[in-house]
Amino acid sequence: MMKFNSLKKVMLFILIALIIICALSFILINQQIERAWGASVPPVEVVPFERPQGHYAIVNASVLDSLGEQMLFNQTLLINNGIIEAVGNDIAIPEEAEQIDASGMFLIPGLIDAHVHLWQSPNDLLLYLANGVTHIRELNGSEEHLQWRQQISQGRPGPDLFVASRRHNSTGLFEQLFHKWAAKVEPVTVITDMKTHVGELKAAGYDAIKVYTELSNDDFSTLTNEASHQGIPILGHIPRGLKLNELWSSNLKEIAHIEEFVKALDREFGGCTRDNTDDFIEFVRLRAPEIARNLAARDMAVVSTLALIEGIPKQKLNVQKALDQVALQYVNRGIAESVHPSVKMMGWHSDVNIYRLPDDYPQDRVAGNQRYWLAYAEANRILLSEMREYQVKVLAGTDANVPIMVPGFSIHDELKALVKAGYSPAAALRSATTETAQWMDLKTGKIAPGYEADLVMLNGNPLHDISNTQTTQGVMSNGRWYSKYSLAQMLVAVQEANGS
């Protein structure tokens, strides 16, 4: 009996030890996951950057007209309590208005990035503001993002936030539970009442529900029908099992990437490889007009994310060289460093980069890999060209925080990519201002009386050279004025928080 009791004690000790080990392992793994999504970098103290809404007169400015086609010279803007009151060249300036001299400067509406990921990196909000981005759309939202949105509405420095729900997928139960924890994906398999689920998302304040790649056709139909019934927008990826002719009759009204159509066409084609890229490109050219016509006829919008796609072959070829071309010092350190290379998160650095070729990748296959990814990018441009031809609503978005899209900075890369692909500078600007604002039903995106005072002051004309959107001299966000010095200090603070 004594031996039996001793054995029971040993077994109990082992069980307790295993429980403790498992608990500690969970805590350590969870810390690494939180770190990889940006939670380990200390948040910048934002109080020094807070500004009140005021009564302003911006004088002697060149102002982008309400059509977004030309600059109007020697203009005065009156702004009060976050709203543009008047625009013109013969306006009386109230004595109490604070004057901002914009001689030699160009005013455009605040930029909108239609596809970003903040993850757990609140410092990114300052990066957007410092780059003239006054609205962003978070397309994998959380309760934390909803809290940030509320704080911004109360004066916290940062762009206005549109928050879509987490991505909805329907892979296996165990896999989904893990993904909900580690990858921040909403597992449809564990939802027992879709009506209640959609209602809870709407009541929580989410602006839209996001659907994702592995969502089954049945789950897609159930989720999108219920969301449509309850009046909450649905956006996101084209589920892998959904054919394009089924997409057109669905309730999905916005596609998160032009790339989603490239993937759908790849499935129709039977698989693009390094050896059939010419045939695939020809197939895309043949199918692109029909896709664009269907998008236009059904008033579906598409987010561009073109610069992201064009950055993939660069990273495949030479990760470090690609990183050297972007403002890596401002990327949240945890996101950039990620975790072990065997765990696919959103790592940036050479050893964890999600697009890097394996170390043992045969050198004689690199050229073929480049051929494939360059064709993939070209397919996106072909579709974009047809969408422009058929006047499809294309919203400028970057997928920021996915390598190598630096939050805030990446919208300028996207505008340059759009111009390089055939957009005029004016059209590119509209895709990041007026058109996206209209799609979101926001009273912003134009410099006109009655519109929100979201403005960017530049010292170069972006209609002549789109890269002039990077010459920021000041930003007004919701009637709060941030000087060039204040914006520069925001960048310094974020860089210091990253420890670089």
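**Why these words? A guided visit**

Guide: Let's begin in a loop: Asn401 is found between E14 and H14. Please keep in mind that the model before us is predicted.

Visitor: Why does Asn401 count as buried?

Guide: The word buried asks for under 20% relative accessible area. Asn401 has 0% relative accessibility, so it counts as buried.

Visitor: What is notable about the phi of Asn401?

Guide: Its phi is positive, about 85°, although Asn401 is not a glycine. Asn60 is also not a glycine and has a positive phi, about 60°. That residue sits in strand E1, which covers residues 55-64.

Visitor: Why is Asn60 called partly exposed?

Guide: Buried stops at 20% and exposed starts over 50%, with partly exposed in between. Asn60 has a relative accessible area of 34%, so it is partly exposed.

Visitor: Which residues does a cis peptide bond join?

Guide: Pro403 and Ile404, with omega about 5°. Ile404 belongs to the loop that runs between strand E14 (393-395) and helix H14 (410-420).

Visitor: Let's turn to the rings. How many aromatic pairs does a search of the whole structure find?

Guide: It finds eight aromatic pairs.

Visitor: What makes the pair of Phe269 and Phe283 tilted?

Guide: Centres within 6.5 Å make a pair, and planes that are neither under 30 degrees apart nor over 60 make it tilted. These two rings have centres 5.5 Å apart and planes at 45°, so the pair is tilted. Phe269 is in helix H8 (residues 259-269) and Phe283 in helix H9 (residues 277-297), so the pair ties together parts 14 residues apart in sequence. Ring pairs also bring in Phe280, giving a cluster of Phe269, Phe280 and Phe283.

Visitor: And how do you know that Phe269 is partly exposed?

Guide: Its relative accessible area is 24%, between the 20% and 50% limits, so Phe269 is partly exposed.

Visitor: Why is the pair of Trp373 and Tyr376 called edge-to-face?

Guide: Edge-to-face needs planes over 60 degrees apart. The planes of Trp373 and Tyr376 stand at 65° and their centres are 5.2 Å apart, so the pair is edge-to-face. Both residues belong to helix H13 (residues 366-389), three residues apart, about one turn of the helix. Trp373 and Tyr376 are both buried.

Visitor: What makes you say that the charged end of Arg137 sits over the ring of Phe162?

Guide: One condition is a distance within 6 Å of the ring centre. For Arg137 and Phe162 that distance is 5.0 Å, and the charged end does count as sitting over the ring. Lys443 offers another example, with its charged end over the ring of Tyr451, 4.5 Å from the centre.

Visitor: Which residues lie nearest the centre of the second largest pocket?

Guide: Phe162 again, along with Asp207, Ala208, Pro233 and Met440; the lining has 25 residues. The space in this pocket is about 500 Å³.

Visitor: How do the residues of that lining divide?

Guide: Into 13 nonpolar, five polar and seven charged. Elements that each give at least two residues to the lining include strand E7 (133-138), helix H3 (143-153) and strand E8 (160-169).

Visitor: What share of the protein chain do buried residues make up?

Guide: They make up 57% of its 500 residues. The chain has 17 helices and 17 strands. Among contacts between residues at least 6 apart in sequence, 70% join residues at least 24 apart.

How values were computed. Residues numbered from 1 in each chain as written. Predicted model: local features only at pLDDT ≥ 70, side-chain atom pairs only at ≥ 80, totals over all residues. Heavy atoms only, no water. 1 Å grid on protein atoms, 1.4 Å probe; cavity = no way out; pocket = protein on both sides within 12 Å on 5 of 7 lines; lining within 4 Å. Points joined across faces, edges and corners; volume = space filled by probe spheres on them. Helix = DSSP H or I, 4+ residues; strand = E, 2+ residues; numbered from the N terminus. Nonpolar A, V, L, I, M, F, W, Y, C, P; charged D, E, K, R; others polar. Phe/Tyr/Trp six-rings, centres within 6.5 Å; stacked < 30°, edge-to-face > 60°. Buried < 20%, exposed > 50% of the residue type's maximum accessible area, 1.4 Å probe, protein only. Lys NZ or Arg CZ within 6 Å of the ring centre and 35° of its normal. Contact = heavy atoms within 4.5 Å.
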